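Please go through the protein below with its sequence and coordinates at hand. The briefing is meant for reading at the bench, next to the structure viewer.

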Amino acid sequence: MAAQPFPEVVPGSVLQVGPLKPSLEETLADRYGADRLPDGEARAHWLAENADIVTAVVTSGRTGVDATLMDALPNLGAVVHFGVGYDSTDVDRAGELGVGVSNTPDVLTDCVADTAVGLLLDTMRGFSAADRYVRAGRWPALGNVPLTRKVSGSRVGIVGLGRIGSAIADRLVAFGCQIAYHNRREITGSPYRYAASPRDLATSVDVLIVAAAGGAGTRHLVDRDVLEALGPDGFLINVARGSVVDEAALVELLRSGGLAGAGLDVFADEPHVPAELIDLDTVVLLPHLASGTVETRAAMEALTLRNLDEFLRTGGLVTPVPTSRKDAR
C-alpha cells in the first residue's frame with residue numbers, strides 16, 4: 001500500500017503543548033509549522049494572538065489539555081496524545097465541545113508489561129539493593145545479603161486486566177504464577193480468577209500489580225484499606241499512574257513495615273519522588289520509563305503522526321479514545 005502524501009497544513013494550525021520526544025518536536029515544527037505553547041505570562045499573549053487558528057494540539061499524557069485551554073482555542077478539533085495515558089486531558093470537556101482525543105495504544109504494551117515483570121523480579125528478589133551492597137564493598141565485610149522472596153509460583157493480582165494487564169499476566173504464567181484480577185466488570189472467558197474489589201484481590205495475593213488507567217475514576221483505587229489488606233508480606237508494583245495509589249498511605253506502610261516492598265515506575269507528583277522512599281532498600285524506584293525503548297518510542301511517534309495526519313485530512317482519528325463522544329468536530 002502506497003504511503004499517503006502529507007496533508008496540507010495551515011501554518012499555525014498545529015500547536016505543541018508541553019515537552020515531547022525531540023524528534024517528534026522537530027517533525028512538528030518542520031513538517032507542520034507547529035508552535036509550542038509558551039508557559040507563564042507569555043501564554044496569555046500567545047493565545048490572544050494565535051488561538052483562533054489552532055485546530056489540533058499535540059501533547060503527552062504528562063501534560064495534556066485542560067478545560068481552560070480547550071475553551072481558549074475556539075476552533076480546536078483534536079487533541080493528539082503521544083502516549084497511552086490521557087488522564088491529564090479533560091476528556092469530558094472535549095466531548096462537550098466535540099473535540100476528538102487520541103492516544104497511542106498497543107504499541108507500548110510489550111515494553112510496559114516487560115517493565116512490570118522486571119520490577120516484580122527486582123522488588124521481590126532485591127536485585128537493585130544487592131547491586132548497591134556489592135558496589136559499596138559490603139559483601140566482603142558483612143557477608144551475604146538477607147534472603148529474599150521467590151517469584152515463581154507466587155500469587156499475583158492485577159488491577160486492570162486490559163491490554164497491558166493481560167500482557168503482564170501472559171508473561172507471569174511462564175513463571176507458574178497464580179493470576180487473579182480486578183476490573184470494573186468480570187471478563188467473560190478469562191482464564192484468571194476474578195475478584196469483586198481491589199481489597200478482595202489484595203487479601204488473596206502475594207503481589208498486587210497496578211495496570212489500571214489513570215484519571216478521576218481511578219484516583220486512589222488502591223487506597224489504604226487495599227494496601228493494608230495486602231499486608232506486611234505483600235508487594236506492590238505500579239506501572240499505571242501514581243494517582244491510582246494512595247501514595248501517602250503507601251509511603252507510611254513501607255516505612256513502618258506494613259508492606260514488604262514496592263516497585264514503582266510512576267508517582268503522584270512526577271518528577272518528584274517522596275523523600276521517605278529514597279533510602280529504603282525494599283523499594284525500587286524508576287523514572288517513569290516503562291515505554292522507554294528506542295523501538296517503542298519510535299512506534300509511538302509514528303502513531304501520533306498518523307493520528308495527526310488523519311485528523312488534518314479527514315477530521316477523524318486513527319486511535320480515538322473510547323470516552324470521546326466524537327472522533328473530531
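What follows covers confidence, the sheet and its helices, one helix in detail, unusual backbone geometry and salt bridges.

This is a predicted model, in which local features need pLDDT of at least 70 and side-chain atom pairs count only at pLDDT 80 or more, while totals for chains, interfaces and linings use all residues. Residues are numbered from 1 along each chain as its sequence is written, and side-chain values use heavy atoms, with hydrogens and water left out.

**Confidence**

- The average pLDDT (the predictor's confidence in each residue, from 0 to 100) is 95 for the protein, and 96% of the residues score at least 70.
- Residues 324-329 have a pLDDT below 50, and in the model this stretch has 26 contacts beyond near neighbours in sequence; a contact means heavy atoms within 4.5 Å.
- Where pLDDT is low, the predicted coordinates should not be read in detail.

**The five-stranded sheet and its helices**

- Helices (H or I, at least four residues) and strands (E, at least two) are DSSP runs, numbered from the N terminus.
- Five strands form an open sheet with parallel pairing, in the order 2-1-3-4-5; two strands pair if DSSP finds at least two bridges between them.
- Strand 2 (35-36) and strand 5 (100-102) each have a single partner strand and stand at the edges, so one side of each is left without a neighbour in the sheet.
- Helix 1 (residues 22-32) packs on this sheet and touches strand 1 (14-16), strand 2, strand 3 and strand 4. The direction of helix 1 makes about 155° with that of strand 1; axes are lines fitted to C-alpha atoms, for helices over the stretch in contact, and angles run from 0 to 180 degrees between N-to-C directions.
- Strand 3 (residues 56-60) and strand 4 (residues 78-82) run parallel and are joined by five bridges. Valine 57 has valine 79 in strand 4 as its bridge partner.
- Helix 12 (residues 294-314) lies across strand 1, strand 3, strand 4 and strand 5, at about 170° to strand 4.

**Helix 5**

- Helix 5 (residues 109-125) has 17 residues and should span 24 Å at 1.5 Å a residue, which agrees with its end C-alpha atoms being 24 Å apart. The expected span is 1.5 Å times one less than the number of residues.
- Of the 17 residues of helix 5, 12 are buried, so the helix is largely enclosed by the rest of the structure. Buried means under 20% relative accessible area, exposed over 50%, and partly exposed in between (1.4 Å probe, protein chains only).
- Among the buried residues of helix 5 are Cys111, Val117, Leu120, Asp122 and Met124.
- Glycine 126, just after helix 5, takes a positive phi of about 70°.

**Unusual backbone geometry**

- Glutamate 270 and proline 271 are joined by a cis peptide bond, with omega about 5°. Proline 271 sits in the loop between strand 11 (261-264) and strand 12 (283-285).
- Histidine 220 is not a glycine but has a positive phi of about 55°. The loop between strand 9 (207-210) and helix 10 (224-230) holds histidine 220, which is partly exposed at a relative accessible area of 28%.
- Histidine 288, also not a glycine, has a positive phi of about 50°. This residue is in the loop between strand 12 and helix 12 and is buried, with a relative accessible area of 16%.

**Salt bridges**

- The whole structure contains 16 salt bridges, each being a side-chain nitrogen of Lys or Arg within 4 Å of a carboxyl oxygen of Asp or Glu.
- Glutamate 301 and lysine 21 form a salt bridge, 2.7 Å from N to O. The pair links distant parts of the chain, 280 residues apart: glutamate 301 is in helix 12, and lysine 21 is in the loop between strand 1 and helix 1. Glutamate 301 is buried at a relative accessible area of 11%, whereas lysine 21 is partly exposed at 25%.
- Arginine 171 and aspartate 110 meet in a salt bridge of 3.1 Å, N to O. Arginine 171 lies in helix 8 (residues 163-173) and aspartate 110 in helix 5, 61 residues apart. Arginine 171 is partly exposed at 23% relative accessibility, and aspartate 110 is partly exposed at 47%.
- Asp71, Arg93 and Glu96 are joined into one network by salt bridges that share partners.
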